[in-house]
Structure formats: C-alpha cells, structure tokens
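Here are two short exercises to help you find your way around some strands. Have the structure open, try each task, and then walk through the solution.

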Amino acid sequence: MTMINRSLIFPAMAVLAILSSCGPKTISSRRSVADDQPDGGAYTEKTVPVVTKVAPDSEVTLRFYNDLPDVAYISAADFQSIVLPGSTMTVTHTGIGEYTLANGDAKAVVNVNKDVFVSSDFDAFTNMMGLLQPGMANVYFDGMPFVRYKSVKYTPAVSTVTLEFAKYGIDIHADGKGAVYFPFATLADMYSDLFYHHAGFNGEKVVANTSINEVSLARIDPDYNKTLLSKTTRSESMAEFAYKELCFAMDHFYGHPGRVALDEALKTKGMDRTLEEDLAAGPVIKKLLKSTNLAEYFVGMSGLNALYYDGHTSMDISSAMGRDRSKYEDLVTEMRGLQEKHTEVMDAIRGGRATMGGRAQDVMAIRNQRPESYGTQDTYIKKGNTAVCVFNSFNTRAEDAWNAYYAGKGPKPNINDNKGDSMVIFLDALEKAAADPEVENFIVDITSNGGGSADIVMAMTSLIMNKSYLCHDNPLTGQRALVEYEVDRNFDGVFDKKDKDVKYKLNFAVLSSDVSFSCGNLFPSMLKDAGVPVVGEISGGGSCAIQAMCTADGFCFQISSFRARLNTLSGENIDAGITPDIPIANDNKVEIEGPNGTRMTVKNYKDFYDIERVGKLVKDRVK
C-alpha cells in the first residue's frame, strides 16, 4: 500500500499541518461556496491495488477524510474507469457547489453543499450491462449466448431520481480541480446490477466484479475475504458510517417484492425507524449492527433477515468465512454465544424466514411422491399422448460448452455430455416429443423448481410461445419496463430469419406448485400471459431479481433488487404467485419418511403426477 504525499495551497489560507518528509501529508481544506476550493476538511490519500480479473491489475487513489479516517472515498471518474474499463466521465462545474457528471450514457447533477444527486436517467447513468452486449440497456440478462437483448420500452419514458445523501449523514465532496468524491461503498451500491456487477473495498484493495455472474467477490480475488476476517474489531467511525450507508442502500435499492411482514413500514419509514419502532428485537439488532465487535456485527446483520428475508435477500455476511468455519473457530464460538444470549433476535430471524412457509417440507413431499409415477426417468417421461419434461431448476451447468459452441470452438451441447443443463434437457425433450407422432401434450414440470437463470426462461418461453419478453417495474424510478429479447430458436449458433421457422405443434402446459419460486414463478407467469395453461397449485412467488451488494467495510450480501420487480403483462406484481388455470387438489395428507427415519405428514401430490389425467385436462382446455 502506498501513501501519496500531496499539498494544496489555497488563497488566504495556509496549510495547517506540515509532517515530516517520510510520512503522509495531511491536506487541509474547507467547505466553501467558492468552487475553486475543495470541501470536506483535511484528508490523506492512499493508492491501493484494483483487481477485476478481466482487466490487468491496476491501482487507484482513494481519499480518507479526517472525520472518517477509515471510510474510503473515490472520485466518480475513477470509479467509472474501474467498473467500465475504457470509459470516461467528465465533470463540469455548473453552479455554486454544483457539478454535472456525464459518462457517455447519461448525466447526473451533484450538489456537494447539499449532498444531493439527481439524474433523469439513473438506469443509464449506472449501466454496466454493456460489458455483456454493446448497447444493452441496464436490464435483466444472465449472459447466455443463445439469448440477446433487443430493446426496452419504459413507461413513463423519463423519470427523475433524487438521492438525498444528507438525510443519512453521507457527505460528498469536490476537490476544486474538477473531481467529485463519493464514499466508495455508496457509488458501488448505486452501480450494482442484475448480472452481479458490483465492487468492494476490503481495507487493502478494491475488487470489482466486471465479468462473472457471481455474488462473491472472492471469486475475483481469493484473498478478498481473508483480509476482512483478519481483524475481529472495527473502528467506531466505520461502524457508525457502515450503519448509515446500509440504511441508505436498503431504503433505496431494496426491491420490495411484497411478502415480508413489515414491508409497508420499510417503504414509508425506512430501515432505521422500522428497527426502532416496529420490530420488538429491532433496537437490539441496531445496537449489534453498530458494534465495533465483528461477532456482534455478524449477528446484527443476520438479524436483518427478520426484516428482509424474502427467499432472495440474504443479509448474513458471516458467509465470508466460507463452508470451512474451523479456520475461524473463535469467531464462530463467540457468535454462537451471542445467538444464545440474544434469543429475541433469533426468534425474529425465524419469524422472518416464516414468510417462505413450509416449502422445504413440500420439496421433500414432491421428490418422495413424484418417482412413484415418473419412475427412474428424471427429465423426460411419456405416457400415452402426453410427454413431461422435468426441471428442478433453470440452471446453466453447460454454460462453458454453450459459449464454446457459439464461439465456433466446440460442438453443440447434447444430452449425453451435458445431462444436467436445463436448456439441453428442454431441447432434448422437445425433439423427442416432436418426433413422436403419438405425443400431443407437452407438460413442463416445475413443481420442484426453485429458480435459476432468466435467460433459460427467455429461451424456453420463446420456443413455446414464439416471443420473448420480460415485464418489470422499478420502485426507485417508478417506471415499468417491457424488455424484448432475441433467441436463436433453432440453436444453430446464428441469430437469423430461420429462427422464426421453428414451431412445435404441441399442446403446451406448465405444472406448478408452491415450491415453484423466482424464475420458477416467472416461467408460469409468462406462459399464462400467452394463454398457455398453468396446472397444479398456485406457484411460490418471488418477484425480484437478485442484486449483489457490499457493506461499507467490504462484506458481500445480496438483496431483492429494485432494478427488476417482475410483473405480468398487465403490470401486476407476481410475488403472490400465479393462480393455476387448471387447479389440482392436494389437501388430503399422506405420510412419508423424513430425515433420519422420521415420519412426516405432507401434502398428497399424487394427482399432480398422473400424467394421462393431466394430459387430458390440458387437451380439453386447449380445444
């Protein structure tokens, strides 16, 4: 780590402190309405490594103001150059304390005296999705090569976003030389997106995910979390700022899918007041969140699952320890002691997780009962004139093989070599059904599907209904979006006119349960909008994509994102689940063998897997 020595001379003002030549220079500044002078007070600067995995490792100079000596600030232009290599940002003085930031995609106006940020196109200003496909808007896309972004229509077309940092005690500064400085964590929160593009500062280096669809920055730098866990305490100033910054992030960037018990309070009051006023364990959780002790901080963060747990959001930053927690035995022991001490916090967490109901038990029921009908064939089953294709997730296990194929460097993935990949399974099942003159009905079984890649959903729905789109709204901007995608529907490696010729003369339907969550909820929503019948019971919901974030001190977590709260074509939030067109009762209970030989009473899904009966129901529906 290098400490940069710099001094600035200001009119009618002397440098307040001159240090020895071998140490860092403390730079004095003041808040002023004169725009040729910096604000924010004295600071030091450190040059730290930048790791992105894609671009060659580099360095960036961070600023640490004396009132927050452990909180990293970065110029907006430098941050832009890290997360969007090769791009530039211009900063123009446009008024007293006011600067216009322009990065090629959009503009924002920042007032360093009022600590306010305003943009009429926030999604474009923070757009990193062009890293995946040039010209792509800031939309939901997982990067699979057989799907590509086509267009987006926003309603209303323009929306102004105002971020009032001052309300959270977050300062932004200017240096008097054309640079505007934000807390590193705040900018990182603003830019994080639905491909898990995000960045963190662990006290020693900046690590940014500009390449892979992965929540953990440890995938970019294996030592990232080791640095965070090397200390068991943090400073009071960092603890206080990290709490304020977390309140800002959750109040603005949490997507509010709708299922959490205190969602209305969170929307109207924000995180801080909701903890203080609406959750019995809230004041204790807040105290733990602001602790300088790492174990207490970890328990406090996990306590936030009492407020936000919705199946997508996970505030448990202790995941930084990884699966082998024996390396951190003292920390784990201290956390367990705190959990035993703060029973009210643990009860609140369990209450928050209750929003997901008994889905774990239903998964066991389905996987116990389904083989009685389907037998050992686990992806494609045929009985009479009905074929069933089974997915327990929309996964991309053959992603490398698909990328190689579309790059002309490998064969098309097939069922023999890539049995677990969802797209391979679906294409194999479609080919078998289409080649079988007896098959009339094609049922997609997602009764045990907990979600996965939206790109897989885009491709599958395109093959079923000959179009591919995604509807969502954005709680921050207040806009609705209709995003259209193109799919290589014949999977020949080329997007061309031949893709329109792909058609399957089958009676399609989707079989869902309350386990069908996230993309397992999006899939039946899209098909129902297109007139494809949904069979079974109401799906499990889940209406937000996932967004990766970092705390101010660098720990990674994930939330339901504000950028894409999934809707039907008519604009209805789908978090409550999709009501089936053809309901199948499963009220009568049965006993199955549970864990460790125990007996469990569960739903009876037998009629869900009566293939011939379901096929008849579907055929009768589409007549």
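**Exercise 1: An open sheet and its edges**

Ala-548 has Gln-558, in strand E23, as its bridge partner. Keep in mind that this is a predicted model.

Task: Work out which strands stand at the edges of the open sheet of five strands.

Solution, step by step:

1. Begin with the pair at hand: E22 and E23 (residues 556-566) run antiparallel to each other, joined over six bridges.
2. Next, read the whole order, which is E9-E19-E18-E23-E22, with antiparallel pairing.
3. The edges are strand E9 (147-155) and strand E22 (544-550); each has a single partner strand, so one side of each is left without a neighbour in the sheet.
4. Now look at the twist: on average, neighbouring strands of this sheet are turned by 40° against each other, direction ignored.
5. Finally, add helix H16 (residues 454-465), which packs on the sheet and touches E9, E18 and E19. The direction of H16 makes about 70° with that of E19.

**Exercise 2: The surroundings of strand E14**

Task: Find which way the residues of strand E14 (residues 206-209) point, and then which residue of E13 stands opposite Val-207.

Solution, step by step:

1. In a regular strand, side chains alternate between the two faces of the sheet.
2. In E14, Val-206 and Ala-208 point one way, while Val-207 and Asn-209 point the other way. All of them are buried.
3. Strand E13 (residues 198-201) pairs with E14 in the antiparallel sense over four bridges, and Gly-200 stands opposite Val-207.
4. Strand E2 (residues 43-51) pairs with E14 too, in the parallel sense over two bridges. Here Val-51 has Val-207 as its bridge partner.

Terms used: Residues are numbered from 1 along each chain as its sequence is written. This is a predicted model: local features need pLDDT of at least 70, side-chain atom pairs count only at pLDDT 80 or more; totals for chains, interfaces and linings use all residues. Side-chain values use heavy atoms; hydrogens and water are left out. Buried means under 20% relative accessible area, exposed over 50%, partly exposed in between (1.4 Å probe, protein chains only). Two strands pair if DSSP finds at least two bridges between them. Axes are lines fitted to C-alpha atoms, for helices over the stretch in contact, and angles run from 0 to 180 degrees between N-to-C directions. Contact means heavy atoms within 4.5 Å.
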